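Reader: Could you take me on a close look at a single part of this model, and then show me how that part sits within the rest of the chain? I would enjoy one connected account.

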Amino acid sequence: MGKLRITVVGANNVKESDTNGSSDPYCTVTVGEKTFKTQVQKNILFPRWNETFNFEAVNVSDAMSFEVWDWDRIGGDDILGITTLAVSEVIPGSEEVKKLPLMRKGVKYGELLVSVLRED
């Protein structure tokens, strides 16, 4: 069992979801049973969150799941893209910056920039 410190830095070229040609994106990060959520960035396709989340009791066989959503005032939020990263792909003891493709229905809609520190 180890620990992860994940910083959701930002995203590039997220999908337009609102009628004004923009989106109000936020990102959820899940490892195991624990999920964190960034703040909503309004009217932007290149959000910068720079929010850090700590996960305890992480197995090397776990995966990090990232979902970028468009916040909607009325109705349900819309998924903009999903990506995953295996814990085993991060070298223990070093902080790694990753650019991950945001996928939706098999199509790439932008990318997510994260920084991950794994401690075993």
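Author: Happy to. Let us begin with Y109, which, leaving aside its neighbours within four places in sequence, is in contact with N13, V14, K15, L80, L102 and R104; contact here means heavy atoms within 4.5 Å. One of these partners, N13, is 96 residues from Y109 in sequence, while their C-alpha atoms are 6.9 Å apart in space. Y109 itself belongs to strand β8, which covers residues 107-119. Strands are DSSP runs of E with at least two residues, helices are runs of H or I with at least four, and both are numbered from the N terminus. With a relative accessible area of 26%, Y109 counts as partly exposed. In these terms, buried means under 20% relative accessible area, exposed means over 50%, and partly exposed is what lies in between, with a 1.4 Å probe and protein chains only.

A word on the ground we stand on: this is a predicted model, in which local features need pLDDT of at least 70 and side-chain atom pairs count only at pLDDT 80 or more, whereas totals for chains, interfaces and linings use all residues. Residues are numbered from 1 along each chain as its sequence is written, and side-chain values use heavy atoms, with hydrogens and water left out.

Now step back to the whole chain. There are zero helices and eight strands, so the order of elements from the N terminus reads β-β-β-β-β-β-β-β. The contact pattern of Y109 has a counterpart in the chain total: among contacts with a separation of 6 or more, 57% are between residues 24 or more positions apart. The radius of gyration is 14 Å, which agrees with the value near 14 Å for a compact globule of 120 residues; the radius is taken over C-alpha atoms, and the globule rule is 2.2 Å times the number of residues to the power 0.38. Along the principal axes, the C-alpha atoms fill a box of roughly 45 × 25 × 25 Å. Of the 120 residues, 42% count as buried. The accessible surface comes to about 6,400 Å², and carbon and sulfur atoms hold 48% of that; the areas come from the Shrake-Rupley method with a 1.4 Å probe, and for residues only the protein chains shown count as cover.

Charges come next. The chain carries 14 positive and 18 negative side chains, and the centres of the two sets lie 2 Å apart. Lys and Arg count as positive and Asp and Glu as negative, without His and the chain ends; each charge is placed at NZ of Lys, CZ of Arg, CG of Asp or CD of Glu. There are four salt bridges, each a side-chain nitrogen of Lys or Arg within 4 Å of a carboxyl oxygen of Asp or Glu. One of them joins R5 and E95, with the closest N and O atoms 3.2 Å apart. This pair links distant parts of the chain, 90 residues apart: R5 is in strand β1 (residues 2-12) and E95 in strand β7 (residues 95-104). R5 is partly exposed at 30% relative accessibility, and E95 is partly exposed at 46%. Another bridge pairs K98 with E96 at 3.1 Å between the closest N and O atoms, and both of these residues are buried.

A further salt bridge brings us to the end of the chain: D120 pairs with R118, their closest N and O atoms being 2.8 Å apart. The two partners have unlike surroundings, as D120 is exposed at 65% relative accessibility, whereas R118 is buried at 8%. P92 touches both R118 and D120, not counting residues up to four places away in sequence. P92 lies in the loop between β6 and β7 and is partly exposed at 42% relative accessibility.

Finally, some spots to look at in the backbone and loops. N43 has a positive phi of about 50° although it is not a glycine; its place is the loop between β3 (34-37) and β4 (48-58), and it is exposed at 51% relative accessible area. A57, also not a glycine, has a positive phi near 55°, but A57 is found in strand β4, where it counts as exposed at 51% relative accessibility. In the loop between β5 (63-70) and β6 (78-86) you will find I74, which is exposed with a relative accessible area of 76%.
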